Amino acid sequence: MRKMKIGVFLILALFTTSILSAQDLPKKQMANIEAQTKKVAEAIGLSADEEKKFLEINIETAKKQKEINKKFEKGSEEFKAANKELWPNKRKAVEESFSKENYKKWLAYLNEQKKNKEE
């Protein structure tokens, strides 16, 4: 019973944190980010803490992408350069947040998704 209460508390804390930190993202985009985060977390077996950090990273990346889209003309050199920085920064943040094993699983998951997309 105690573990269940702790689990419910963690879910509520995660939900509250994500809402507060994503106030400037549209609801639909936020829902997509949360759904994608949950899908990845389940696929690679993230801990609750890792899932929370991953959600925060995804929200922050979306915010940065939104800023880039506003600041630069799509297709411009500045736009391309700013977008090119996003991925390594996200990857580094994920690597710092995940266990080594889950980071490797995440990279494998991304490669599998990319392979499936190309088919």
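Leaving aside neighbours within four places in sequence, which residues is Glu50 in contact with? This tour of a predicted model begins with that residue.

**Stop 1: Glu50**

Select Glu50, which is placed in helix H3 (residues 48-71). Once neighbours within four places in sequence are set aside, its contacts are Ser97, Phe98, Ser99 and Asn102. Glu50 is buried, yet it has no salt bridge. Display Lys53 as well: this is the nearest side chain of opposite charge, and it is 7.9 Å away from Glu50. Next, add Ser47 to the selection. A polar atom of the Glu50 side chain lies 3.0 Å from the backbone nitrogen of Ser47.

**Stop 2: Glu51**

Move to Glu51, also found in helix H3. Is Glu51 buried or exposed? Glu51 counts as buried because its relative accessible area is 16%, under the 20% cut-off. Show Thr37, Lys38, Ala41 and Leu46 around it; these are the residues in contact with Glu51 when neighbours within four places in sequence are left aside.

**Stop 3: The nonpolar cores**

Ala41 and Leu46 lead to the next selection, as both belong to the largest nonpolar core. To see this core of 11 residues, select Val40, Ala41, Ile44, Leu46, Phe54, Ile57, Val94, Phe98, Tyr103, Trp106 and Tyr109. At least two of its residues are supplied by each of helix H2 (27-44), H3 and H5. A second core, separate from this one, has 6 residues, among them Met30, Ile33, Ile59 and Ala62.

Return to the largest core and centre the view on Val40. Not counting residues up to four places away in sequence, Val40 touches Phe54, Trp106 and Tyr109.

**Stop 4: The aromatic rings**

Now display the aromatic side chains. Phe54, Trp87, Phe98, Tyr103 and Trp106 are linked into a cluster by ring pairs. How many aromatic pairs does the structure hold? There are 5 aromatic pairs in the structure. One of them is the tilted pair of Trp87 and Trp106, with 5.6 Å from centre to centre and 35 degrees between the planes. This pair links distant parts of the chain: Trp87 lies in helix H4 (residues 77-97) and Trp106 in helix H5 (residues 100-118), 19 residues apart.

Finally, colour these two residues by accessibility. Trp87 counts as partly exposed because its relative accessibility is 38%. Trp106, by contrast, has a relative accessibility of 2% and therefore counts as buried.

Note on methods:
Residues numbered from 1 in each chain as written. Predicted model: local features only at pLDDT ≥ 70, side-chain atom pairs only at ≥ 80, totals over all residues. Heavy atoms only, no water. Phe/Tyr/Trp six-rings, centres within 6.5 Å; stacked < 30°, edge-to-face > 60°. Helix = DSSP H or I, 4+ residues; strand = E, 2+ residues; numbered from the N terminus. Buried < 20%, exposed > 50% of the residue type's maximum accessible area, 1.4 Å probe, protein only. Lys, Arg positive; Asp, Glu negative; His and termini not counted. Salt bridge = Lys/Arg side-chain N within 4 Å of Asp/Glu carboxyl O. Polar contact = N/O pair within 3.5 Å; in protein donor to acceptor, adjacent residues only side chain to side chain. Contact = heavy atoms within 4.5 Å. Core = buried A, V, L, I, M, F, W, Y, C linked by side-chain atoms within 4.5 Å.
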